[in-house]
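Please open the structure in your viewer and keep the sequence panel beside it, since this tour moves from one selection to the next. Take time at each stop to turn the view before going on.

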Amino acid sequence: MDFSNFMNINLSKFGDSFYVLDEQKFIEDYKSLLKAFQEEYKETNIGYSYKTNYIPDLCRAVKRLGGYAEVVSEMEYEVSQKIGVQKNRVFLNGPYKNKKCMEDILLNGGFVNLDCERDLRLIEEISANHLGINLHIGLRCNFDIDDGLISRFGFCFENKSLEKAIDYLSKFDNVIISGLHCHFASRSLSAWNNATDGMIEILNSLKSKLDSDLKFISLGGGLFGKVPKILKKQLGPDIPSFEEYASVSARKLNDYFDNNFFSSKPILFIEPGTAIAAGALSFVTKIIDIKDVRGKQIITTAGSAFNFNPSMSQINLPIEIVKNTESNYEEVVFKNASITGYTCIEKDILYRDFSGNASIEDFIIFHEAGSYSVVMKPPFILPNVPIIKFDNTKMKFSIVKRQESFDDVFRTFKFNE
């Protein structure tokens with residue numbers, strides 16, 4: 001977002017801390033990612049990861065753009081239905097699925113990617129209750145991609161758990177294995193290359209047990225987005241572009257399906273979250289105090305690392321200081337200061353080693369705050385802050401989520417004996 005115009009607004013009108021949503025940035029990154037993959041594999045589509053950021057405005061944008069909803073809970077599924085997503089454009093993933101949710105999606109033409117034996121038992125129950133309806137499921141595949149990690153998700157290919165799951169499902173005439181799915185946490189190019197090779201190996205090994213008319217292949221998410229320079233310095237220079245991800249995955253799959261027994265090319269799904277959501281949200285907070293403790297400068301804010309960094313990683317997000325022209329406090333020169341939060345947690349640090357000028361009542365804008373921020377922020381000590389959407393061209397804002405109140409936080413508690 002271009003904050004040059006936004007900085008001319010009296011930020012205090014929104015409170016001491018708030019989020020700013022840039023829907024247009026989200027849309028641009030969505031289109032850029034999809035274009036990169038479609039140039040290598042025409043039949044690519046996006047299933048947006050609701051768990052990363054389920055602000056309804058972003059989910060509606062995905063719907064308008066023709067994408068699917070990738071959900072991992074009944075709550076997220078309800079979000080998709082509130083905004084009018086067709087049930088046959090929903091993927092349900094995750095290790096803990098609600099049977100009612102599974103059933104509703106399957107009976108209406110949506111897809112459920114099975115993860116574990118519990119899912120197999122639930123499918124058996126659903127199948128028995130709806131013998132006249134085809135249920136389209138996928139299987140999450142677990143295999144070694146040589147990233148040093150052992151994923152806990154999906155059916156293991158190496159020990160034949162995946163093959164056994166396919167054999168188990170073959171007993172049910174109305175259960176159709178419509179696709180294969182994988183997702184790994186590693187965002188490296190080698191991980192995507194190895195994941196694609198692994199999926200091709202599985203297709204070759206198990207093709208006699210799979211329908212030649214597969215509907216989809218999903219490579220999951222786990223991509224870097226368009227990373228700003230300050231983050232590249234911390235994460236390392238080898239951040240793949242969308243085009244590089246597509247070249248080691250979509251291109252290979254395109255060649256594979258051009259030359260193998262499948263009757264038609266399945267849709268290639270990718271399930272981005274961070275790659276398109278991170279840049280869509282910024283967090284703005286006011287400086288409320290400045291102190292010096294044995295030579296260490298400390299800036300206290302009305303926000304918290306929990307607002308955008310719930311895992312408390314030591315990554316510094318890109319920031320801007322917005323001067324408060326109505327402040328009567330003197331400007332301070334900082335060198336290697338800690339920008340900290342309002343909570344009573346020592347490690348609540350929003351930014352490490354800040355150098356620059358600022359004063360009490362100035363605002364700090366933290367960019368790239370859209371990934372796992374709003375969805376993971378607890379009402380710890382204070383209720384959650386509002387989200388506003390700013391239209392930079394019209395200089396207008398709208399409330400996306402209002403400031404939470406005491407009643408919002410404590411509505412489900414019982415106060416009377």
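The tour begins with the whole chain and then goes on to single strands, loops and residues.

**The whole chain**

Keep in mind from the start that this is a predicted model. Show the protein chain as a cartoon, and you can look for its 12 helices and 18 strands. The radius of gyration is 24 Å, close to the 22 Å that the globule rule gives for 417 residues, so the chain is as compact as a globular protein of that length. If you turn the C-alpha trace along its principal axes, you will find that it spans about 75 × 60 × 45 Å.

Now switch to a surface view, where the protein chain exposes about 19600 Å², with carbon and sulfur atoms supplying 49% of that area. Of the 417 residues, 53% count as buried. Among the contacts with a separation of 6 or more, 69% are between residues that lie 24 or more positions apart. If you colour by charge, there are 49 positive and 55 negative charges to find, and their mean positions are 2 Å apart.

**A set of paired strands**

Select residues 281-293, which form strand β11, together with β12; these two strands run antiparallel and are joined by six bridges. Within this pair, I290 stands opposite I299 of β12. Then follow the hairpin that β11 and β12 make, with two residues between the strands, and stop at R294, which takes a positive phi near 50°.

Is β12 mostly enclosed or open? Five of its six residues are buried, so this strand is largely enclosed by the rest of the structure.

Add residues 332-340, strand β14, to the selection: this strand runs parallel to β12 (residues 296-301), and three bridges join the two. You can check the pairing at two places, since T300 has T340 of β14 as its bridge partner, while I298 has S338 of β14.

Next, add residues 349-358, strand β15, which runs antiparallel to β14 and is joined to it by six bridges. Here V332 has A358 of β15 as its bridge partner.

**A buried loop residue and a partly exposed strand residue**

Move on to S359, which has its place in the loop between β15 and β16 (363-366). With a relative accessibility of 3%, S359 counts as buried, because that value is under 20%. Show the side chains around S359 and look for the residues that it touches beyond four places in sequence, which are I287, I290, K323, S327, Y329, E330 and E331.

For a contrast in setting, select E320, which lies in strand β13 (residues 319-322). E320 is partly exposed, with a relative accessible area of 25%. Measure from its C-alpha to that of V284, and the distance should be 9.4 Å, although the two residues are 36 residues apart in sequence.

**Two stops elsewhere in the chain**

Select N113, whose place is in strand β5 (residues 111-114). N113 is buried, with a relative accessible area of 1%. Which residues are in contact with N113, leaving aside its neighbours within four places in sequence? They are F91, L92, N93, K97, D119, G138, L139, H181 and F216.

Then go to K226, found in the loop between β9 (216-218) and α8 (229-235). K226 is partly exposed, at 47% relative accessible area. Apart from neighbours within four places in sequence, K226 is in contact with D29, S32 and F242. One of these, S32, is 194 residues away from K226 along the chain, yet their C-alpha atoms are separated by 10.0 Å.

**Positive phi angles**

The last stops concern the backbone. Most residues other than glycine have a negative phi. Select D146, in the loop between β6 (135-142) and β7 (155-156), where phi is positive, near 60°. D146 counts as exposed, with a relative accessibility of 66%.

Finish at E368, which is found in the loop between β16 and β17 (387-391). E368 also has a positive phi, near 60°, in a residue other than glycine.

Methods. Residues are numbered from 1 along each chain as its sequence is written. This is a predicted model: local features need pLDDT of at least 70, side-chain atom pairs count only at pLDDT 80 or more; totals for chains, interfaces and linings use all residues. Side-chain values use heavy atoms; hydrogens and water are left out. Helices (H or I, at least four residues) and strands (E, at least two) are DSSP runs, numbered from the N terminus. The radius of gyration is taken over C-alpha atoms; the globule rule is 2.2 Å times the number of residues to the power 0.38. Buried means under 20% relative accessible area, exposed over 50%, partly exposed in between (1.4 Å probe, protein chains only). Contact means heavy atoms within 4.5 Å. Accessible areas come from the Shrake-Rupley method with a 1.4 Å probe; for residues, only the protein chains shown count as cover. Lys and Arg count as positive and Asp and Glu as negative; His and the chain ends are not counted. The place of a charge is taken as NZ of Lys, CZ of Arg, CG of Asp or CD of Glu. Two strands pair if DSSP finds at least two bridges between them.
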